[in-house]
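Please look through the model below and follow its overall layout before turning to one part of its surface. The report after it moves from the whole chain to a single patch.

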Amino acid sequence: MRAQFVLSEIGVGLRRNLTMTFAVIVSVALSLALFGGSLLMSDQVNQMKGYWYDKINVSIFLCNKSNAQNDPNCAKGAVTEDQKKAIRADLGKMSVVQKVTHETQDEAYKHYKEQFGDSPLAGTITPDQMQESYRIKLKNPEQYKVIASAFNGRDGVQSVQDQKGILDNLFGLLNGMNWAARAVMSLMLVVALMLIVNTVRVSAFSRRRETGIMRLVGASGFYIQAPFIMEAAVAGLIGGTVACGFLVLARYFIIDNGLALSQKLNLINFIGWDAVLTKLPLILATSLLMPALAAFFALRKYLKV
């Protein structure tokens, strides 16, 4: 097969169906940009989970004189020194516990002032109203229930709180957004495949005389099909290249420059360029193979060879 003939046929096909080819490129670009974006979002969520789950604590809040009057869990009064020592000793015996930090009322008050010092309510709070607590670092954040079952309802304990529950709500929202992006991506892929099939069909119909002559002179099926398949592959590859450009620009302008979220949101550990670059070959391969396979199966129906 002469490469020059195939390339010329590809050029003719793309020019004849320029509008539909452009629609294929745009739909492939958008769908694969969403595909790559959803993969990067998954990486970002997983990286944030690894970063934050490693920092979360379980907090055991102790009863004080203030909440002993109105909290049923503290009906027996404020925590005593013996109760605090017993709680600390029991925590030290638990294999799931990695580290225990005790926060006094004065330390809690200081942290509160640092965080909410500008609030009008901050001036009405006194150190004796703050709660002592034990901040527990677990070896496995998933084992919160072990601590909760051991200390909930215990004398001197007002509540046991797990910061992981707060993070789970955030990550649940991010995962929901990611699945929504995947749903839109799937819809765009279906649209792209339909456009590819229709473009191949129109191209085959417009060149039915040439393909008929080629069949009469004994051309093989692959020789006749190749230009159509490669037209779809080239259009898809262009769309995939555009999608890669979208992802690179989005990473650059959203995280590094432009919005510069990496500088404004220091508490978030953003994905690096390595995560983006490793997705580009997958997007390019998909943009090449998906249209080629769609065209191949479409030709079996619309081009009898």
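In this predicted model, the protein contains 10 helices and 4 strands, and, read from the N terminus on, its elements follow the order α-α-β-α-β-α-β-α-β-α-α-α-α-α. Some values that describe the protein as a whole are set out here.

| Property of the protein | Value |
|---|---|
| Share of the 305 residues that is buried | 39% |
| Share of contacts with a separation of 6 or more that join residues 24 or more positions apart | 81% |
| Share of the exposed area supplied by carbon and sulfur atoms | 62% |

The last row refers to an exposed area of about 17,300 Å² for the protein.

Part of the surface forms a nonpolar patch, and the reader may wish to find its members in the structure. Which residues make this nonpolar surface patch of about 550 Å²? The patch is built from Phe22, Val26, Leu30, Val234, Ile238, Val242 and Phe246. Two or more residues are given to the nonpolar patch by each of the elements α2, which spans 18–53, and α8, which spans 221–256. Of the contributions to the patch, the largest share is that of α8, with 4 residues.

One member of the patch can be followed a little further. Phe22 lies in helix α2. Is Phe22 buried or exposed? Phe22 counts as exposed because its relative accessibility is 55%, and the term exposed applies to values over 50%.

Methods
Residues numbered from 1 in each chain as written. Predicted model: local features only at pLDDT ≥ 70, side-chain atom pairs only at ≥ 80, totals over all residues. Heavy atoms only, no water. Patch = residues over 30% accessible without salt bridge, like charges linked within 9 Å, V, L, I, M, F, W, Y side chains within 5 Å. Areas by Shrake-Rupley, 256 points an atom, 1.4 Å probe, with all protein chains shown as cover. Salt bridge = Lys/Arg side-chain N within 4 Å of Asp/Glu carboxyl O. Buried < 20%, exposed > 50% of the residue type's maximum accessible area, 1.4 Å probe, protein only. Contact = heavy atoms within 4.5 Å.
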